[in-house]
Amino acid sequence: MSKYWSSMAKRAKPYIPGEQVNKTNIIKLNTNENPYGPSPKVAEAIKAEIGNNLRLYPSPTMDTLRESIGQYYDVQKENVFIGNGSDEVLAFSFMAFFEPGKKILFPNISYSFYPVYANIYHIDYEEVPLLGDFTIDVEKFFDSEGGVIFPNPNAPTSIYLPLEQIEKIAQHNPNSVVIVDEAYVDFAEASAISLTKKYNNILVIQTMSKSRSLAGLRVGFAIGHETLIEALIRMKDSFNSYPVDRLAMAGAIAAIEDEAYFEETTKQIIATREKTTEELQSLGFHVLPSSANFVFVTHPNVDAKMLYETLREEDILIRYFGTTFIQQYVRITIGTDEEMATLLGAIKRIIRP
Ligand SMILES: Cc1ncc(COP(=O)(O)O)c(C=O)c1O
């Protein structure tokens with residue numbers, strides 16, 4: 001801290017992302033990345049873009065990418081906003097739709113970036129307790145003063161909230177925006193994008209980092225009524241006209257267009273998740289019902305922190321939060337079948353020495 005800092009810089013309590021390591025032979029199951037690479041068509045598209053156009057600024061309106069996302073989800077490009085990762089889309093959304101003095105609501109166990117944004121923009125918030133089974137207590141989200149935000153499936157619990165429940169939350173917040181952060185929805189039943197056609201106060205935010213395996217490219221997007229998208233564009237254009245570069249745009253379009261690859265890898269991750277869940281259960285773990293590319297687990301006789309630390313010594317990284325309510329839980333990203341077999345072998349050795 002220094003006297004030269006603004007009050008905003010002083011107030012900031014930055015988000016701490018999961019650890020990124022430089023080792024090569026590590027099994028990395030701590031930040032919900034995709035174990036399969038992106039579609040091979042992504043690299044081809046990026047290479048072609050490097051050759052041709054890198055001296056030129058990218059399109060500030062990002063129309064081509066907005067059109068391909070629009071086509072994929074059956075919405076117009078006016079309903080699509082693109083940002084540098086969904087974290088940036090979330091940051092712009094807090095600015096565009098939430099107001100100081102009007103309390104917003106999000107679950108008490110949720111994505112830990114939300115309080116960071118709220119704090120920096122001076123937005124009051126209430127962390128609404130989840131129910132005993134870690135599901136969202138829907139009625140507690142009715143009649144918010146300033147808006148609602150939650151991930152679906154929730155992170156880190158992995159639990160999915162059915163669309164009828166989201167619809168109820170939107171209906172009971174007619175004067176504010178309900179943001180559904182769908183970072184993991186491709187591993188779940190259905191997206192709330194269909195609801196954005198019926199409710200002009202629902203904004204859905206998605207990312208290419210998980211199901212499309214492009215965490216390193218940084219592309220996220222929002223889908224909603226065009227007046228919501230217009231507000232996001234106003235925010236973006238007040239900070240940086242070009243938050244997504246030419247390579248990211250070319251790669252993201254290729255990823256969206258390769259539907260077969262996306263479907264195959266997503267299906268595989270879901271199959272591995274189901275198998276891993278059964279195996280962890282047979283070892284005595286309680287596994288929350290997951291609709292994501294990770295599982296959130298606890299064991300009655302095994303200390304979560306010890307498990308995390310011991311796996312780390314064996315070069316297997318999982319995520320331990322150690323925060324209130326979830327001190328005895330760890331989050332494990334679904335890797336390849338082979339990675340999960342190595343993980344399960346290590347867990348067996350640790351819990352039954
Ligand atoms: C719930 C949730 N939302 C948003 C993000 C941000 O994803 P990205 O910025 O990579 O698009 C994450 C990343 O882990 C997440 O877990």
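**Close-up views of the predicted model**

**View 1. Polar contacts of the ligand in the predicted model.** In this predicted model, a polar side-chain atom of Lys210 is placed 2.9 Å from an oxygen atom of the ligand. Considered alone, the ligand exposes 400 Å², of which the protein buries 91%. The side chain of Thr207 has an N or O atom that is 2.5 Å from an oxygen atom of the ligand, and Ser86 contributes through its backbone, where an N or O atom lies 2.6 Å from a ligand oxygen atom.

**View 2. The shell of residues around the ligand.** The ligand is surrounded by 14 residues, and the closest of them are Ser86, Tyr184, Thr207, Ser209 and Arg218. When this shell is divided by class, 6 of its residues are nonpolar, 4 are polar and 4 are charged. Helix α4, which covers residues 86-97, supplies the largest share of the shell, namely 3 residues. The site occupied by the ligand is the largest pocket.

**View 3. Two cis peptide bonds in the loop between β5 and α6.** Pro153 belongs to the loop that runs between β5 (147-151) and α6 (163-171), and the peptide bond that leads from Asn152 to Pro153 is cis, its omega being near -5 degrees. Pro156 is likewise found in the loop between β5 and α6, and the peptide bond from Ala155 to Pro156 is also modelled as cis, here with omega near 5 degrees.

**View 4. Backbone conformation at Asn32.** Asn32 is placed in the loop between β1 (27-28) and α2 (40-53). Its phi angle is near 55 degrees, which is a positive value in a residue other than glycine.

**View 5. The chain as the setting for the close-up views.** The chain contains 11 helices and 12 strands, and its C-alpha trace spans about 60 × 50 × 50 Å along the principal axes. For a chain of 353 residues, a compact globule would be expected to have a radius of gyration near 20 Å, and the 20 Å computed for this chain therefore agrees with that expectation.

Methods: Residues are numbered from 1 along each chain as its sequence is written. This is a predicted model: local features need pLDDT of at least 70, side-chain atom pairs count only at pLDDT 80 or more; totals for chains, interfaces and linings use all residues. Side-chain values use heavy atoms; hydrogens and water are left out. A residue is near a molecule or strand if one of its heavy atoms lies within 4 Å of it. A polar contact is a pair of N or O atoms within 3.5 Å; within protein, one must be able to donate a hydrogen and the other to accept it, and residues adjacent in sequence count only if both atoms are side-chain atoms. Accessible areas come from the Shrake-Rupley method with a 1.4 Å probe; for residues, only the protein chains shown count as cover. On a 1 Å grid over the protein atoms alone, a cavity is a set of points where a 1.4 Å probe fits but cannot get out, and a pocket is an open set with protein on both sides within 12 Å along at least five of seven lines; lining residues have an atom within 4 Å of a point. A molecule sits in a cavity or pocket if more than half of its atoms lie within 2 Å of its grid points. Helices (H or I, at least four residues) and strands (E, at least two) are DSSP runs, numbered from the N terminus. Ala, Val, Leu, Ile, Met, Phe, Trp, Tyr, Cys and Pro count as nonpolar, Asp, Glu, Lys and Arg as charged, and the others, Gly among them, as polar. The radius of gyration is taken over C-alpha atoms; the globule rule is 2.2 Å times the number of residues to the power 0.38.
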